[in-house]
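Subject: Structure handover and findings

Dear colleague,

I am passing on the structure we spoke about, together with a written account of what was found in it. Please have the sequence and the model open side by side as you read.

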Amino acid sequence: MANSSCVTEFLLLGFSSLGELQRVLFVVFICLYLIILSGNLTIISVICLDHGLHTPMYFFLGVLSTSETFYTIVILPKMLINLLSVLRTLSFMSCVFQMYFFLGFAVTNCLLLGVMGYDRYAAICQPLHYAILMSWRVCGQLAVTCILGGFIVSLAGTTLVFSLPFCGSNKVNHYFCDISAVIRLACADTYINELIIFICGVLVLVVPLIFICISYGFIVSTVLKISSAEGKRKAFSTCASHLIVVIVHYGCASSVYLRPSAQYTTGTDRLVTVTYTVITPLLNPMVYSLRNRDVQLAVRRMIMKTRFSVKSF
């Protein structure tokens with residue numbers, strides 16, 4: 001791909017227009033980055049170590065937390081370096097790989113959220129068949145399918161962008177190599193490429209979202225038939241955390257990727273992109289730990305075991 005291009009590196013403009021405010025942003029983002037890493041790693045560790053959480057719902061939560069951890073590692077370290085650096089360049093191939101892995105993990109997250117919606121449907125609407133519908137073999141197959149699907153779509157999207165010639169400006173008006181910002185630098189007609197990318201975006205974002213909406217339609221219908229108020233509360237509480245993450249993730253991603261690049265506005269898009277590259281991975285462990293009693297109890301048990309082990313040592 002690099003042979004068809006005169007550009008050998010890209011300059012990430014990022015937040016360079018903010019001047020001294022970048023130092024403040026560095027402090028804010030590095031704190032958020034550390035919270036994201038510690039939060040998601042805690043979720044992963046607790047799910048792996050606590051046998052009470054060895055269920056399909058928490059299995060997919062663990063996979064989602066793992067994906068979001070790598071998702072932030074692809075973007076945030078370079079962004080933090082650029083906030084303190086005058087030289088904000090990224091080699092052509094580094095930009096290719098950054099886009100590929102970012103899209104791969106982002107699409108994987110979208111597909112996983114759809115699968116998690118199906119898991120809630122099976123648990124609430126088909127409780128007698130849940131063990132069969134969501135056996136460990138099925139869970140493993142669904143997780144692998146989400147990961148493979150995510151990186152296949154990412155390969156297609158990245159190829160469509162970097163198969164174009166880049167022979168003009170190398171200034172990416174973003175803090176990472178995002179599709180919308182990079183494809184605007186191509187010195188060729190990008191209509192067909194953008195159309196295919198847009199169709200892929202619709203399939204990746206809209207189809208799982210419709211699937212989630214249908215699943216929750218059946219869930220609401222089933223829960224309303226439960227006679228006790230406590231039963232309804234428990235059923236809805238298991239879905240609330242998932243719904244919050246779905247609304248934020250799909251809402252922000254759709255506002256950026258489900259529209260033509262002609263409507264691309266750098267300031268607004270950077271703000272929205274910060275939301276789903278920083279806030280969503282931050283929201284996931286916070287929502288699931290603050291709203292989920294099982295996770296809270298598991299964290300307490302892990303802390304107690306750690307303290308006991310230290311005292312024994």
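What follows goes through the salt bridges, a pocket, a surface patch and a few contacts across the chain. Please keep in mind throughout that this is a predicted model.

Salt bridges

A search of the whole structure finds two salt bridges. One of them joins Arg-301 to Asp-50, with 2.9 Å between the closest N and O atoms. This pair connects distant parts of the chain, since Arg-301 belongs to helix H10 while Asp-50 sits in the loop between helix H1 (21-49) and H2, and 251 residues separate them. The two partners also differ in how they are covered: Arg-301 is partly exposed because its relative accessibility is 40%, whereas Asp-50, at 11%, counts as buried because that value is under the 20% cut-off.

The other salt bridge is formed by Asp-119 and Arg-120, whose closest N and O atoms are 3.0 Å apart. Here Asp-119 is buried, with a relative accessible area of 1%, and Arg-120 is buried as well, with a relative accessible area of 8%.

The second largest pocket

For this pocket the volume comes out at about 280 Å³, and its lining consists of 15 residues, with Tyr-58, Ser-237, Thr-238, Asn-292 and Asp-294 lying nearest the centre. The elements that contribute two or more residues to this lining are helix H2 (56-84), helix H3 (92-125), helix H8 (229-257) and helix H10 (293-312). Which of the elements gives the most to the lining of the second largest pocket? That is H8, with five residues. Sorted by class, the lining of the second largest pocket is made up of four nonpolar, five polar and six charged residues.

A nonpolar patch on the surface

If you look at the surface, you will come to a nonpolar patch formed by Tyr-191, Ile-192, Leu-195, Ile-196, Phe-198, Ile-199, Leu-203 and Val-207, which together have about 740 Å² of accessible area. Of these residues, Phe-198 can be placed in helix H7, which covers residues 191-223. With a relative accessibility of 32%, Phe-198 counts as partly exposed, and it can belong to the patch because patches are made of residues with over 30% relative accessible area and no salt bridge.

Positions far apart in sequence

Three further pairs may help you to follow how separate parts of the chain are arranged. Arg-301, already described above as a residue of helix H10, is 255 residues away from Val-46 in sequence, while the C-alpha atoms of the two are 9.2 Å apart in space.

Met-93, which lies in helix H3, counts as partly exposed at 35% relative accessibility. Its C-alpha atom is separated by 9.7 Å from that of Phe-162, although the two residues are 69 residues apart along the chain.

Where is Ser-135 found? Ser-135 is in the loop between helix H4 (130-133) and helix H5 (136-162), and with 23% relative accessibility this residue counts as partly exposed. Between Ser-135 and Thr-55 there are 9.4 Å from C-alpha to C-alpha, and the two are 80 residues apart in sequence.

With kind regards

Technical notes
Residues are numbered from 1 along each chain as its sequence is written. This is a predicted model: local features need pLDDT of at least 70, side-chain atom pairs count only at pLDDT 80 or more; totals for chains, interfaces and linings use all residues. Side-chain values use heavy atoms; hydrogens and water are left out. Patches are made of residues with over 30% relative accessible area and no salt bridge: like charges are joined within 9 Å, nonpolar side chains (Val, Leu, Ile, Met, Phe, Trp, Tyr) within 5 Å. Accessible areas come from the Shrake-Rupley method with a 1.4 Å probe; for residues, only the protein chains shown count as cover. A salt bridge is a side-chain nitrogen of Lys or Arg within 4 Å of a carboxyl oxygen of Asp or Glu. Helices (H or I, at least four residues) and strands (E, at least two) are DSSP runs, numbered from the N terminus. Buried means under 20% relative accessible area, exposed over 50%, partly exposed in between (1.4 Å probe, protein chains only). On a 1 Å grid over the protein atoms alone, a cavity is a set of points where a 1.4 Å probe fits but cannot get out, and a pocket is an open set with protein on both sides within 12 Å along at least five of seven lines; lining residues have an atom within 4 Å of a point. Grid points are joined across faces, edges and corners, and a volume is the space filled by probe spheres set on the points. Ala, Val, Leu, Ile, Met, Phe, Trp, Tyr, Cys and Pro count as nonpolar, Asp, Glu, Lys and Arg as charged, and the others, Gly among them, as polar.
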